Number of protein chains: 2
Amino acid sequence: MGASYYQFCPVAKTMELLDERWTLLVVRELVGGDRHFNDLRRGLPRMSPTLLSKRLQHLVAAGIAERHKSGVEVRYRLTPAGQELAPIVAALGEWGIRWIGHLGDQDLDPKILLWDMHRRVDHDALPSGRTVIQFEFPAVAASLRNWWLVLTPTEADVCDADPGFDVAVHVTADLRSMVEVWLGDLDWSDALRSGAVTIQGPPDLRRDVPAWFKLISFAAVPRLERPARPVGLPAAPLTPEELSA
Amino acid sequence: MGASYYQFCPVAKTMELLDERWTLLVVRELVGGDRHFNDLRRGLPRMSPTLLSKRLQHLVAAGIAERHKSGVEVRYRLTPAGQELAPIVAALGEWGIRWIGHLGDQDLDPKILLWDMHRRVDHDALPSGRTVIQFEFPAVAASLRNWWLVLTPTEADVCDADPGFDVAVHVTADLRSMVEVWLGDLDWSDALRSGAVTIQGPPDLRRDVPAWFKLISFAAVPRLERPARPVGLPAAPLTPEELSA
DNA sequence: CAGTATCCCTTATGATACTG
DNA sequence: CAGTATCATAAGGGATACTG
């Protein structure tokens, strides 16, 4: 429901629907399947529920998403028109991973990282039964430091409090490095070798941890050998380390 | 320079740069070559010069565009990073032409139509020498009713006042129909047959007019046989004819 | 030609608390 | 679980006039 551009140009008409803040991130969350309101919230933790609700209403009104209610449960899913936005979302992500030069510390949200990871668990690679991984980011504020992934061959849950099960492996990581692994900018093997990520637990399990996750879908996008110039640096408010760089 | 989403997701980082109003339309204008500030304004007539200036500065700061000054002349062009946005802009246009159901009367801007057309003249198809086409949109407010395209084998100019040259052909058109032709939603031949568009002038020239223009680049995108549902209708403020539909 | 300078004002949105 | 209600602030952006 963005304001009109008063142009017949199809690009303009499309952007009227999509250029409001958060809109394409909601679409990103919906790509690939049904989602509950609160699932969307977990992927968009900095978005207020009011605003998420508003964006969903706009997407539904625009014919991009549908709201399905069965009993008390509500699910949102993309319409065929919305599904055709998937390649656009993918292209935006691929562009970003090629050209965005630097992530600020503020971009490194463990909540989102864990939520992302839980969605891309390779369940076939897991041991049978329940596998619990504890993630610890020592440098992070206490409330965001410890996370547990409870994995089974069919399910994956994220907890920010100890669920009480036996922990199979304990991953201790520098948050930035863990994100870089996740984005495909750093190999698991390099991260482990340098000590930026360490895994404690039975050797056979420790060895398998990297195989339990499919990295973010953009991880395989070819990077530029030498980016002409990293993009987006001056766009973010400058942090102290950026100012000194 | 959009506000941060506080996410490492490449889609989010890209949208931080691109999701502000007008930004992708400026990129659209820059796709395909150098542009002067005032050329950009003609393609974006509803954008204030202040805002255009601001967006250009953001695009330059983000490494997406470059500003080249030679003497008094300033040209903007996309960097390699910016050029890689071209497929995204194209995909947005293709999505729009497939799924946007209806254009409001307010979207039918003759200024933009003529500016678009002048950029896609097929100069090789023109007669030698100067060819002047007058366009008249009888139903449009007087100040936007008459337009002249002054075409040569190497140049194309748009005038909103009679340039004084002999007019080779005079095109009288219903504005909406002319836009539909331009978008590939209506054939020239059908428009001429129905009388929505009429061409006066020497028969051989009249016959050739459609060949002088390459339609908008999205014109060839396959449309859906029966769109499940047109998209974007409720997004626009309802016009009287929409309310009665 | 290529922008700036103002000015006002709507609107978007972040934060927080609360409900069927 | 799936949202609404409320509020205050900032800022985005439209319009217009003016300048090197």
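**Close-up 1. Antiparallel pairing of β3 and β4 in chain A of the predicted model.** Strand β3 (residues 131–136) of chain A and strand β4 (residues 146–151) of chain A run antiparallel and are joined by 6 bridges. Within this pair, A:Gln134 has A:Trp148 of β4(A) as its bridge partner.

**Close-up 2. The open sheet of chain A and a helix that lies across part of the sheet.** Five strands form an open sheet with mixed pairing, in the order β5-β4-β3-β6-β7 (chain A). At its edges are β5 (156–159) and β7 (197–200) of chain A, each of which pairs on one side only. On average, and with direction ignored, neighbouring strands of the sheet are turned by 20° against each other. Helix α7 (residues 110–119) of chain A lies across β3, β4 and β5 of chain A, and its course makes an angle of about 10° with β4(A).

**Close-up 3. The protein surface near DNA strand C.** DNA strand C is surrounded by 18 residues, of which A:Arg55, B:Asn38, B:Thr50, B:Ser53 and B:Arg67 come nearest. By class, the residues of this surface comprise 7 nonpolar, 7 polar and 4 charged. Sugar or phosphate accounts for 68% of the atoms of DNA strand C within 4 Å of the protein, and bases account for the rest.

**Close-up 4. Phosphate contacts of DNA strand C.** The side chain of B:Ser53 places an N or O atom 2.6 Å from a phosphate oxygen of DNA strand C. For B:Val74, a backbone N or O atom lies 2.8 Å from a phosphate oxygen of this strand, while a polar side-chain atom of A:Trp22 lies 3.2 Å from a phosphate oxygen. The elements giving two or more residues to the surface near DNA strand C are α4 (49–61) of chain A and, from chain B, α3 (37–43), α4 (49–61) and β2 (73–78).

**Close-up 5. The protein surface near DNA strand D and its phosphate contacts.** Around DNA strand D there are 19 residues, the closest being A:Thr50, A:Ser53, A:Arg67, B:Arg21 and B:Arg55. A polar side-chain atom of B:Arg21 lies 2.8 Å from a phosphate oxygen of DNA strand D; for B:Trp22 the corresponding distance is 3.2 Å. An N or O atom in the side chain of A:Asn38 is 2.9 Å from a phosphate oxygen of DNA strand D. At least two residues each are supplied by α3 (37–43), α4 and β2 (73–78) of chain A and by α4 of chain B, and α4(B) provides the largest share, 5 residues. The surface has 8 nonpolar, 7 polar and 4 charged residues.

Definitions and conventions
Residues numbered from 1 in each chain as written. Chains lettered and ligands numbered in written order. Predicted model: local features only at pLDDT ≥ 70, side-chain atom pairs only at ≥ 80, totals over all residues. Heavy atoms only, no water. Near = heavy atom within 4 Å. Polar contact = N/O pair within 3.5 Å; in protein donor to acceptor, adjacent residues only side chain to side chain. Helix = DSSP H or I, 4+ residues; strand = E, 2+ residues; numbered from the N terminus. Nonpolar A, V, L, I, M, F, W, Y, C, P; charged D, E, K, R; others polar. Pairing = 2+ DSSP bridges. Axes fitted to C-alpha atoms, helices over the stretch in contact; angles between N-to-C directions. Contact = heavy atoms within 4.5 Å.
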